[in-house]
Amino acid sequence: MGKHEIRLRRQRMSARGSDRYRNYNAVLKQHGNEKRIKQITRIFTFFLLIAVIIIIFMAITRWEKKQGPKPQSKTNSTSVKLV
Amino acid sequence: MTEDEIRKEEQVIERSKKDPRAFGELYEKYFDRIFNYIYRQTDDEELAGDLCSQTFVNALNNINRYEFRGFPFSAWLYKIAGNEVNKHYRKNKGNKIFSIEELKVRELVEQGTDDLNEELITQLIRYMNELPTDMIQVLELRFFEDKDFKEIAFILDMTESGAKMRTYRALDKLRTNFNLKVKYDG
């Protein structure tokens, strides 16, 4: 619950007073801009998400390669030296 | 609002979802009311103009999400306008200002006797300054915007009984403190 201040106004706001701020074209223009920004943000977020998924996938693949079993030929091989 | 008017407004809203230019009709219809509502809560014409524009931009941005819930479209606009005003005060950390027309105060308070003089009005304003802000908001919508309790509840995000309770309490205090008859149709 905030604080407030009450001011008494002697005169009524005339319709002419508010008419100075009436401009639907400006509202339409702002709406268009905000819509465009929203679309760009959405596309950017989409690509960012795809990029993150690809990076994660690549990291997992690399990690799996590193963790994988070493080639059997090396571990089981025995060398015989013939003199 | 008559059934016919509501249906006509619904058609404009449906058209606005496809073509934002159609929304202009609603803009022209409600601009003054929304502007005055904001002006009464800011006492600053420039600011009221900005917030009013932002209100209509937000309404247009979210028109696809609007669905009829038994209230006139204006209630939705009032709600957005109220949110814009609150956002402004939160951002600027100032005290909320209510700019009330003297004429409206005189209309609100029906004189029991003939002593509604300047001094009493000053006392009344001083007293209203002491009331909680949410109580003033309810009084403003009820008496200065002529909204019914159901609509007030929707605009201020509260229950209908909560809105009624706040109004009763505020008016009771006015009656007992100032011994005045207050216009009220409960």
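Leaving aside its neighbours within four places in sequence, which residues is B:A81 in contact with? I shall open with that question, and the answer will lead us into the middle of chain B. The model before you is a predicted one.

Once the neighbours within four places in sequence are set aside, the contacts of B:A81 are B:I34, B:Y37, B:I38 and B:T55. Two of these names return when we turn to the largest nonpolar core, which has 47 residues. Within that core, the residues that touch the most other members are B:I34, B:I38, B:L77 and B:A81. In soluble globular proteins, nonpolar side chains tend to be buried together.

Which elements build this core? At least two residues each come from α2, α3, α4 (73-92), β1, α6, α7, α8 (149-156) and α9 (160-178) of chain B. Helix α2(B) supplies the largest share, 9 residues. Where does the core lie with respect to the domains of chain B? Domain 1 (3-92) and domain 2 (102-182) both contribute residues to the core, and it therefore lies between them.

Let me stay with these two domains for a moment. In the domain assignment, chain B has domain 1 at 3-92 and domain 2 at 102-182. Their C-alpha centres are 25 Å apart. Where they touch, 7 residues come from domain 1 of chain B and 6 residues from domain 2 of chain B. On the domain 1 side, α2 and α4 of chain B are the elements that give two or more residues, and α4(B) gives the most, with 4 residues. By class, that side holds 4 nonpolar, 1 polar and 2 charged residues.

One residue of helix α7 of chain B also deserves a remark, namely B:D134. Is B:D134 buried, exposed or partly exposed? It has 17 other C-beta atoms within 10 Å. A buried residue would need 20 or more, and an exposed one would have 12 or fewer, so B:D134 counts as partly exposed. Along the chain, B:D134 and B:T167 are 33 residues apart, while their C-alpha atoms are separated by 10.0 Å.

I now turn to chain A. This chain contains 3 helices and 1 strand, and from the N terminus on the order of its elements is β-α-α-α. Of its 83 residues, 5% are buried. Helix α2 of chain A, residues 24-67, offers a simple check of geometry. With 44 residues, at 1.5 Å a residue, this helix should span 64 Å, and its end C-alpha atoms are indeed 64 Å apart, which agrees. How many of the 44 residues of α2(A) are buried? The number is 1, so the helix lies largely in the open.

Finally, how do the two chains meet? The contact draws 34 residues from chain B and 24 residues from chain A. On the chain B side, the elements that give two or more residues are α2 (24-40), α3 (45-61), β1 (96-101), α5 (102-108), α6 (118-130) and α7 (133-144). Among these, α3(B) provides the largest share, 8 residues. The chain B side divides into 17 nonpolar, 9 polar and 8 charged residues.

The strands take part in the meeting of the chains as well. Strand β1 of chain A, residues 4-9, pairs with β1(B) in the parallel sense, over 6 bridges. To locate this pairing in the structure, please find A:H4, which stands opposite B:K96 in β1(B).

Technical notes
Residues numbered from 1 in each chain as written. Chains lettered and ligands numbered in written order. Predicted model: local features only at pLDDT ≥ 70, side-chain atom pairs only at ≥ 80, totals over all residues. Contact = placed C-beta atoms within 7 Å. Nonpolar A, V, L, I, M, F, W, Y, C, P; charged D, E, K, R; others polar. Pairing = 2+ DSSP bridges. Core = buried A, V, L, I, M, F, W, Y, C linked by C-beta atoms within 7 Å. Domains from an automatic or database assignment. Expected span 1.5 Å × (residues − 1).
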